[in-house]
Amino acid sequence: MNNPLILLLTALVAGYICKQYLRSTKGHIRLPFPPGPKPKFLIGNSLDIPTQTAWLTYAKWTETYQSDILHAEAFGQHIIILNSLEAATDIMERRAAKYSSRPSIPMLELMDWIDFNASLLPYGDLWRRHQRVFQQSFRKDAAALYEPIQRKKTHKMLRDLLESPNNFRAHIRTTAAGIIMAIVYGHNISTMNDKYILIAEKAAGVAVEALLPGASLVNVIPVLRYIPPWFPGAKFHQVAGEVRELTYQMRNAGFDFVRKNMVIS
């Protein structure tokens, strides 16, 4: 192993931790954070944040700290957990003007999942452009145009439920995906084995895992994104590369389908 590279990585991480620590201990007045597990020196709650079945851990925290709004901190990055519908509605809907932006998540950026996904964009000009386009196509009067598609897919779901009620999860997923694909791309799907759906589900599944606090160290220490892929502990580069390819397929498959059918017609 190249010793200068190890020293460089150590210096980068140490510098980042010191920067975050000094920033968090500045002398300005700050209101207290919501309750949560006590952070350890420098690393905070990085060892407490769950990477699997996170909802179970957060449920225990809610019971322990008697609050449905929780706080955790890892290497200077603060995380707020909204652990009830009431808390989520109050913060994300009633106070949306203040809390409507999105945090920077390095793993999603490495996966190329940000620019095309309005739900992950930080508040700004690009988000506003996405919002305008969305409102043009899905405002109340425009959404009424999609009712025939929704009715057709719902009728099919009801027939499928009568024939095989035990597969209700698959029927519901197929219906939801079928409505989206029909409205956006004019593509009709009948099962979840449709190639477009399989690509989207695989890409989205890994991306959702990357959103979980503690799922990837690069989300906690963003400077790690600059280490080379072959470096120990840099497996996230490999995962991000695989998802980038799936993301490219997911983003372009629907458009390619539309272009092909436009040429044929």
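This passage describes the fold, surface and side-chain pairings of a predicted model of one protein chain.

The mean pLDDT of the protein chain is 81, and 85% of its residues reach 70 or more. Confidence varies among the elements: helix α8 (residues 147–163) has the highest mean pLDDT, at 93, and helix α1 (residues 3–24) has the lowest, at 56. The chain contains twelve helices and two strands. In sequence order the elements follow the pattern α-α-β-β-α-α-α-α-α-α-α-α-α-α, with the two strands coming after the second helix. Of the 265 residues, 31% count as buried. The chain exposes about 17600 Å², of which carbon and sulfur atoms supply 60%. Among contacts between residues at least 6 apart in sequence, 56% join residues at least 24 apart.

Glutamate 73 is located in strand β1, which spans residues 69–74. Its relative accessibility is 12%, so glutamate 73 counts as buried, the cut-off being under 20%. When neighbours within four places in sequence are left aside, the residues in contact with glutamate 73 are Pro39, Ile43, Gly44, Asn45, Ser46 and His78.

The structure holds nine salt bridges. Two of them lie within helix α8. In one, glutamate 147 is bridged to arginine 151, with 2.7 Å between the closest N and O atoms. These two residues are four apart in helix α8, and therefore about one helical turn separates them. Glutamate 147 is partly exposed, with a relative accessible area of 41%, and arginine 151 is likewise partly exposed at 41% relative accessibility. In the other, the side chains of lysine 156 and aspartate 160 meet at 2.8 Å, N to O. Lysine 156 and aspartate 160 are also four residues apart in helix α8, and are separated by about one helical turn. Here the partners fall into separate accessibility classes: aspartate 160 is buried, with a relative accessible area of 18%, whereas lysine 156 counts as partly exposed at 28%.

A further salt bridge joins glutamate 201 to arginine 173, the closest N and O atoms being 2.6 Å apart. Glutamate 201 belongs to helix α10 (residues 195–211) and arginine 173 to helix α9, so this pair ties together parts that are 28 residues apart in sequence. Both partners are partly exposed: the relative accessible area is 36% for glutamate 201 and 40% for arginine 173. Elsewhere, Asp90, Arg94 and Arg95 are linked in a network of salt bridges.

Seven aromatic pairs are found in the whole structure. In the pair formed by phenylalanine 138 and tyrosine 146, the ring centres are 5.6 Å apart and the planes stand at 50°, so the pair is tilted. Phenylalanine 138 is partly exposed, with a relative accessible area of 36%, while tyrosine 146 is buried, at 18%. A second pair, between tyrosine 185 and phenylalanine 255, is edge-to-face, with 5.9 Å from centre to centre and 90° between the planes. Tyrosine 185 lies in helix α9 and phenylalanine 255 in helix α12 (residues 235–264), so the pair ties together parts that are 70 residues apart in sequence. Phenylalanine 255 is partly exposed, at 46% relative accessibility. Ring pairs also link Phe134, Phe138 and Tyr146 into a cluster.

Two members of this cluster, Phe134 and Phe138, take part in a nonpolar surface patch as well. The patch covers about 380 Å² and is made by Phe134, Phe138, Ile180 and Val184. Helices α6 (125–138) and α9 (168–185) each supply at least two of the patch residues. Phenylalanine 134 lies in helix α6 and is partly exposed, with a relative accessible area of 46%. Helix α9 thus recurs in several of these features: it contributes to the nonpolar patch, it holds arginine 173 of the salt bridge to helix α10, and it holds tyrosine 185 of the aromatic pair with helix α12.

Note on methods:
Residues are numbered from 1 along each chain as its sequence is written. This is a predicted model: local features need pLDDT of at least 70, side-chain atom pairs count only at pLDDT 80 or more; totals for chains, interfaces and linings use all residues. Side-chain values use heavy atoms; hydrogens and water are left out. Patches are made of residues with over 30% relative accessible area and no salt bridge: like charges are joined within 9 Å, nonpolar side chains (Val, Leu, Ile, Met, Phe, Trp, Tyr) within 5 Å. Accessible areas come from the Shrake-Rupley method with a 1.4 Å probe; for residues, only the protein chains shown count as cover. A salt bridge is a side-chain nitrogen of Lys or Arg within 4 Å of a carboxyl oxygen of Asp or Glu. Buried means under 20% relative accessible area, exposed over 50%, partly exposed in between (1.4 Å probe, protein chains only). Contact means heavy atoms within 4.5 Å. pLDDT is the predictor's confidence in each residue, from 0 to 100. Rings of Phe, Tyr and Trp (its six-membered ring) pair if their centres lie within 6.5 Å; planes under 30 degrees apart count as stacked, over 60 as edge-to-face and the rest as tilted.
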